[in-house]
Amino acid sequence: MILVNTDYITGKELEMLGLVKGSTIQSKNIGKDITQGLKTLVGGELGAYNEMMNEARALATKRMVAEAEELGADAIVNIRYSSSAIMQGAAEVIAYGTAVKFI
């Protein structure tokens, strides 16, 4: 499966199959939440939240690819990511794009 953030793939003619998406809502455990809260007092990167968001993007991408594979897609073009806070310490990540088949 080819994944790109452009609306084309050089050298390929594409048949659009439709929108595909994958999402997840992730949170860290209360211990990590407390330690990351304390980290905000001194500043710096919040490693546990960074890890959480990386895991969430990977899972959302995996789910998007699975949806595209069900359509028989060869690739997903114009991929975008979006995230939003659901509650303190929890975030939703959605990956979406257009499933395409090579002609």
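Me: Which residues is E92 in contact with, once its neighbours within four places in sequence are left aside?

Reply: In this predicted model, E92 touches S23, T24, I25, S82, S83, S84 and I86. Each of these counts as a contact because heavy atoms lie within 4.5 Å. E92 itself is found in strand β4.

Me: Why is E92 called partly exposed?

Reply: The relative accessibility of E92 is 26%. Buried would require a value under 20% and exposed a value over 50%, so a residue in between is partly exposed. E92 therefore counts as partly exposed.

Me: How far apart are E92 and A60 in sequence and in space?

Reply: The two residues are separated by 32 residues in sequence and by 9.4 Å in space, C-alpha to C-alpha.

Me: What surrounds S82, leaving aside its neighbours within four places in sequence?

Reply: S82, which is found in strand β3, is in contact with E92, V93, I94 and Y96. The C-alpha atoms of S82 and V93 are 5.8 Å apart, with the two positions 11 residues apart in sequence. At a relative accessible area of 35%, S82 is partly exposed.

Me: What makes K21 and E67 a salt bridge?

Reply: The closest N and O atoms of K21 and E67 are 3.4 Å apart. The cut-off for a lysine nitrogen and a glutamate carboxyl oxygen is 4 Å, so the pair qualifies. The structure holds 1 salt bridge.

Me: Which parts of the chain does the pair of K21 and E67 tie together?

Reply: K21 lies in strand β2 (residues 14-27) and E67 in helix α2 (residues 47-70), so the bridge links parts that are 46 residues apart in sequence.

Me: How do you know whether K21 is buried or exposed?

Reply: Neither word applies, because the relative accessible area of K21 is 40% and K21 is partly exposed. The partner E67, with 23%, is partly exposed as well; the limit for buried is under 20%.

Me: What makes the largest set of nonpolar residues a core?

Reply: Membership requires buried nonpolar residues joined through side-chain atoms within 4.5 Å. The largest such core has 16 residues, and those with the most contacts inside it are V20, M64, A68 and I76. The elements that give two or more residues to this core are α2, β3 (75-87) and β4 (90-102). Of these, α2 gives the most, with 8 residues. In soluble globular proteins, nonpolar side chains tend to be buried together.

Me: Which residues does A68 contact, leaving aside its neighbours within four places in sequence?

Reply: A68 is in contact with M1, V20, A73, I76 and A99. A second, separate core has 5 residues and includes I9, A75, V77 and V100.

Me: What is the reach of α2 set against the span expected for it?

Reply: From its first C-alpha to its last, α2 reaches 35 Å, close to the expected 34 Å for a helix of 24 residues at 1.5 Å a residue. Among the buried residues of α2 are A48, Y49, M52, M53, A56 and A60. Just after α2, G72 takes a positive phi of about 80 degrees.

Me: What is noted about the phi of N78?

Reply: N78 has a positive phi of about 55 degrees although it is not a glycine. N78 lies in strand β3 and is partly exposed, at 31% relative accessible area.

Me: What makes K12 a charge over the face of F102?

Reply: K12 lies over the face of F102 at 4.7 Å from the ring centre. The distance limit is 6 Å, so the value falls inside it. The count of aromatic pairs, by contrast, comes to 0.

Me: Where is K101 found, and which residues is K101 in contact with beyond its neighbours within four places in sequence?

Reply: K101 belongs to strand β4 and is in contact with E13, L14, E15, L17, G72 and D74. K101 and M16 are 85 residues apart in sequence yet 6.6 Å apart in space, C-alpha to C-alpha. With a relative accessible area of 32%, K101 is partly exposed.

Me: What pattern does the chain follow, read along the sequence?

Reply: The pattern is β-β-α-α-β-β, from 2 helices and 4 strands. Among contacts between residues at least 6 apart in sequence, 74% join residues at least 24 apart. Of the 103 residues of the chain, 29% count as buried.

Definitions and conventions:
Residues are numbered from 1 along each chain as its sequence is written. This is a predicted model: local features need pLDDT of at least 70, side-chain atom pairs count only at pLDDT 80 or more; totals for chains, interfaces and linings use all residues. Side-chain values use heavy atoms; hydrogens and water are left out. A salt bridge is a side-chain nitrogen of Lys or Arg within 4 Å of a carboxyl oxygen of Asp or Glu. Buried means under 20% relative accessible area, exposed over 50%, partly exposed in between (1.4 Å probe, protein chains only). Rings of Phe, Tyr and Trp (its six-membered ring) pair if their centres lie within 6.5 Å; planes under 30 degrees apart count as stacked, over 60 as edge-to-face and the rest as tilted. A charge sits over a ring if NZ of Lys or CZ of Arg is within 6 Å of the ring centre and within 35 degrees of the ring normal. The expected span of a helix is 1.5 Å times one less than its number of residues.
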